[in-house]
Amino acid sequence: MKSARQRTTIIAAATLAISMAASVLLLRHIDRLRPQASIEDVLYINSPKTIKRASLGFDGLMACIYWTRTVQYFGHRHFDYAHTYNELAPLLEITTTLDPHLLPAYQFGASFLAPKPPGGAGQPERAIQLMEYGIQNNPDNWQLYYNLGFVYYTELKDYRKASEVFERGSHVPNAHPFMKILAAQMAMHAGDFTTARMLWSATYETAREATIRQNAVEHLRAIQVDEDVTHLEALVAEFAQRDGRAPNMAELVAAAHLKGVPVDPDGDAYKITPDGRVLVETPDDFPFITKGLPPGYKPGPPKFHNHS
Amino acid sequence: MSPRIAYIAANTFREAVRDRVLYNLIAFTLLLSGAAIFVGQISIDIERLVVINLGLTAVSLFGVVIAIFIGIGLVSKEIEKRTLYTVLSRPVRRWEFIVGKFFGLAGTLVVNTFFMAIGVFGALLYVTHKFSKPDALILVALYFIILEFLVICSLALLFSSFSSPLLSAVFAFSLFVIGSFADDLRGFAGMAHGITRWIATGAAYLVPNFSALNVISAVAHQQPMSSQLILQNTLYALFYTAMALSGAVLIFERRNLK
């Protein structure tokens with residue numbers, strides 16, 4: 001009798017284990033057959049108010065879930081080097097309607113929405129709407145003004161609006177003192193490298209998240225390259241005007257009395273092409289540079305390095 | 001509290017424990033520890049918020065489910081098993097039976113909430129590495145959740161006193177959902193006219209206002225709670241519970257148990 005029971009137990013346990021393994025394997029096969037995008041791109045309910053009501057008052061948890069979903073959505077699309085982020089803005093709208101005080105959704109959300117694809121959704125106007133909604137609901141948070149001014153500065157190049165926003169933010173109690181400096185700097189020297197460097201340095205110093213700090217480091221490195229290349233190209237142009245041809249690097253170093261061969265932040269020497277262009281050795285290592293790129297260069301998705 | 005009520009309450013508590021009600025704590029622990037570990041990896045900058053939101057929401061929902069599913073069987077099960085007749089044949093009044101059952105279930109939920117609260121604070125300590133002063137606000141949210149349980153227990157008992165367990169569960173859960181929309185209901189009443197306005201306003205004030213007792217999101221964002229809100233929510237929950245329990249006693253006193 002006992003052995004019969006034992007046999008049943010063994011058979012049932014084995015059947016359970018085999019069935020479970022088989023169903024997992026089958027599901028993995030089915031996932032491969034189904035197009036991934038159809039799962040990711042669907043927002044079953046896109047009305048923030050409906051979702052808020054359906055959450056039965058547990059809207060804080062729903063907001064966390066939707067924020068995680070937003071991060072996952074952006075991450076997958078970004079990883080796939082996608083050029084469309086159709087559900088990003090609605091997801092952020094739902095998240096912030098569910099919890100208007102969820103600050104990461106504004107701060108990171110704007111940096112997901114504003115940059116041009118593939119770095120972001122290329123929707124700076126939606127980023128501005130999001131930040132204005134955030135400021136409306138969290139008027140005492142100076143960092144939201146900083147993030148909004150940043151969008152105006154980096155994506156729209158609207159320096160007057162950026163200056164206005166930094167100025168508004170500087171009046172918020174406990175605002176960081178650099179808000180006033182940024183407002184003034186933006187009004188007077190908006191497009192120059194010093195202002196850009198100041199903004200990204202401020203981001204690096206005030207951010208708590210490692211990814212934001214890394215992003216700031218990458219931008220600071222890119223600013224350094226852009227500034228170097230601008231300066232070197234001016235020297236090359238000067239040389240060319242004088243001698244009727246572009247110099248090689250050794251000639252430029254001698255003619256311009258440079259201390260040595262100029263190098264990029266990674267320590268690699270800049271190159272001069274026969275037509276007088278100044279190029280970086282490995283453009284892929286500087287995902288945000290706008291100068292020093294070879295003609296026809298197509299950047300890959302931004303990759304971050306650890307720079308201390 | 002009379003010794004008879006205390007005895008019935010203690011028995012109800014023992015019965016709930018024997019029914020493995022506290023096993024939900026295992027699910028709760030797994031849920032919370034899983035969230036505390038994994039959310040940091042799949043989201044950005046909301047680890048603390050998730051632990052508080054998820055922890056308190058789970059405390060609330062687990063408790064509501066326990067309150068409803070145990071509460072609806074408190075009277076009907078005793079009738080079904082015929083143990084009620086044994087109890088009532090002793091010098092125990094019917095109202096004492098109802099009140100004792102209420103305190104037994106409320107006690108079960110308080111003990112359950114106590115252990116879950118330890119879990120919430122443990123997970124919070126895991127993600128933040130230290131407690132800060134505003135974390136004490138979580139205690140206020142937990143207190144409001146217990147008040148919510150008192151109201152739901154009393155409603156489950158009220159329905160259990162005259163209806164079948166299935167219908168009682170439907171009624172109690174519906175009232176929980178409607179009560180979560182109480183603020184909206186009041187808003188709709190404000191927009192209505194004439195007799196509709198009176199009926200809607202009456203309904204809005206009759207259903208329990210659970211949205212006033214839900215401060216989870218505010219606590220997660222460290223928004224201060226006024227002592228007036230704590231006092232008035234306490235009084236509201238106690239009066240509402242007393243109202244529903246009185247209804248249960250009134251119905252049960254007149255119920256023909258033959």
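In this predicted model, H1(B) passes H6(B) in a right-handed crossing. The two helices, H1 covering residues 3–18 of chain B and H6 covering residues 94–128, pack with their axes 7 Å apart and at an angle of about 45°. Angles that are neither under 35 degrees, nor over 145, nor in the 65 to 115 range count as oblique, so H1(B) is oblique to H6(B). On the H1(B) side, the residues that meet H6(B) are B:Arg4, B:Ile5, B:Ile8, B:Ala9, B:Ala10, B:Asn11, B:Thr12, B:Phe13 and B:Ala16. Facing them from H6(B) are B:Glu96, B:Phe97, B:Val99, B:Gly100, B:Lys101, B:Phe103, B:Gly104, B:Leu105, B:Gly107 and B:Thr108. Sorted by class, this contact holds ten nonpolar, six polar and three charged residues.

Stepping back to the whole of chain B, the count is twelve helices and zero strands. Read from the N terminus on, the elements simply go α-α-α-α-α-α-α-α-α-α-α-α. The C-alpha trace spans about 60 × 55 × 30 Å along the principal axes of chain B. As for overall spread, chain B has a radius of gyration of 20 Å, which agrees with the value near 18 Å that a compact globule of 258 residues would have. Of those 258 residues in chain B, 41% are buried. Contacts in chain B reach well along the sequence: taking pairs at least 6 apart, 84% join residues at least 24 apart.

Chain A reads rather differently on paper, with 13 helices and two strands. Its radius of gyration is 26 Å, well over the 19 Å that the globule rule gives for 308 residues, so chain A is more spread out than a compact globule. Along the principal axes, the C-alpha atoms of chain A fill a box of roughly 105 × 50 × 30 Å. Buried residues account for 33% of the 308 in chain A. Among contacts in chain A between residues at least 6 apart in sequence, those joining residues at least 24 apart come to 51%.

One helix pair in chain A is worth a look. Helix H11 (residues 193–206) and helix H12 (residues 210–243) of chain A have axes that come within 8 Å and cross at roughly 165°. Since an angle over 145 degrees counts as roughly antiparallel, H11(A) is roughly antiparallel to H12(A). The handedness of the H11(A)–H12(A) crossing is left-handed. From H11(A), the contact draws on A:Phe193, A:Ala196, A:Arg197, A:Trp200, A:Ser201, A:Thr203 and A:Tyr204. H12(A) answers with A:Ile212, A:Arg213, A:Ala216, A:Val217, A:His219, A:Leu220, A:Ile223, A:Asp226 and A:Glu227. Nine of the residues in this contact of H11(A) with H12(A) are nonpolar, three are polar and four are charged.

That leaves the place where the two chains meet. Here 16 residues of chain A are in contact with 20 residues of chain B. On the chain B side, the elements giving two or more residues are helices H2 (24–42), H3 (47–71), H8 (165–180) and H11 (216–220). H3(B) gives the most, with five residues. The side of chain B that touches chain A is made up of eleven nonpolar, eight polar and one charged residues.

Conventions:
Residues are numbered from 1 along each chain as its sequence is written. Chains are lettered from A and ligands numbered from 1 in the order in which they are written. This is a predicted model: local features need pLDDT of at least 70, side-chain atom pairs count only at pLDDT 80 or more; totals for chains, interfaces and linings use all residues. Axes are lines fitted to C-alpha atoms, for helices over the stretch in contact, and angles run from 0 to 180 degrees between N-to-C directions. Helices (H or I, at least four residues) and strands (E, at least two) are DSSP runs, numbered from the N terminus. A crossing is left-handed if the near helix is turned anticlockwise from the far one by less than a right angle, and right-handed if clockwise. Two residues are in contact if their C-beta atoms, placed from the backbone, lie within 7 Å. Ala, Val, Leu, Ile, Met, Phe, Trp, Tyr, Cys and Pro count as nonpolar, Asp, Glu, Lys and Arg as charged, and the others, Gly among them, as polar. The radius of gyration is taken over C-alpha atoms; the globule rule is 2.2 Å times the number of residues to the power 0.38. A residue is buried if 20 or more other C-beta atoms lie within 10 Å of its own, exposed if 12 or fewer, and partly exposed in between; C-beta atoms are placed from the backbone.
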